[in-house]
Amino acid sequence: MPQRRLLIVLAVLLLSAPSCRTGTYDTSGRPWPTTSEVPTKSENTASTTASLDLAEFSINGELQVPAGPVVLTLRNNGVIEHNVRLVGGPVSETLPANSTSQFDVGELAAGTYELICELPGHQDAGMIATLTVVR
Ligand SMILES: [Cu+2]
């Protein structure tokens, strides 16, 4: 009776499979990893974060970063609003006094870049700095 034997094997498999799975899921007590915790191949280069302080009228802070993706954490310590333009590249949002903002400037190759505040008169008053990107 080979067919009957096969049916018994199938029945045993069907009955045992759910109980195995239940044990594995319920006793771990740990959440499954979310997709954000599993890096994809295109995201395996972590971006560098550098902090810059804005004021009347200056741009100071971490002005040397390694080549690659760069995010600038801007802090406006001044009493009026400011922004930051990577000359030849993107511009940040305009920050009100006493606020912070993340400014993703993208991927930077080694070299020097000028950072300025674009609000009228601010660059001439001193809001200009050189960001050095090193290999
Ligand atoms: Cu400014």
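This report covers the confidence, sheet, core and selected residues of a predicted model.

## Basis and confidence

Residues are numbered from 1 along each chain as its sequence is written, and side-chain values use heavy atoms, with hydrogens and water left out. Because the model is predicted, local features need pLDDT of at least 70 and side-chain atom pairs count only at pLDDT 80 or more, while totals for chains, interfaces and linings use all residues.

The average pLDDT (the predictor's confidence in each residue, from 0 to 100) is 81 for the protein. A score of at least 70 is reached by 67% of the residues. Two stretches stay under 50: residues 8-15 and residues 17-28. Beyond four places in sequence, residues 8-15 have zero contacts (heavy atoms within 4.5 Å) in the model. Residues 17-28 have one.

## The four-stranded sheet

Four strands form an open sheet in the order 2-1-4-6, with mixed pairing. Strands here are DSSP runs of E, at least two residues long, and helices are runs of H or I, at least four residues long, numbered from the N terminus. Two strands pair if DSSP finds at least two bridges between them. Strand 2 (58-61) and strand 6 (99-108) each have a single partner strand, so one side of each lacks a neighbour in the sheet. From one strand to the next, the twist averages 30° (angles run from 0 to 180 degrees between N-to-C directions, with axes fitted to C-alpha atoms).

Strand 4 (residues 68-76) runs antiparallel to strand 6, and nine bridges join them. Gly68 has Leu108 of strand 6 as its bridge partner.

Thr73 belongs to strand 4. Its side chain makes a polar contact with that of Gln102, at 2.9 Å. Such a contact is a pair of N or O atoms within 3.5 Å; within protein, one must be able to donate a hydrogen and the other to accept it, and residues adjacent in sequence count only if both atoms are side-chain atoms. Beyond four places in sequence, the contacts of Thr73 include Thr49, Ala50, Ser51, Leu52 and Ser101.

## The nonpolar core

The largest nonpolar core has 22 residues. A core joins buried Ala, Val, Leu, Ile, Met, Phe, Trp, Tyr and Cys residues through side-chain atoms within 4.5 Å. Leu72, Leu74, Leu108, Leu115 and Leu131 have the most contacts inside it. Strand 1 (48-55), strand 4, strand 6, strand 7 (111-116) and strand 8 (128-134) each give two or more residues.

Leu131 touches Leu63, Val65, Leu86, Leu108 and Leu115, among others more than four places away in sequence.

## Ala125

Ala125 sits in helix 2 (residues 122-125). Ala125 counts as partly exposed because its relative accessibility is 42% (buried is under 20%, exposed over 50%, partly exposed in between, with a 1.4 Å probe and protein chains only). Its C-alpha atom is 5.9 Å from that of Phe57, 68 residues apart along the chain.
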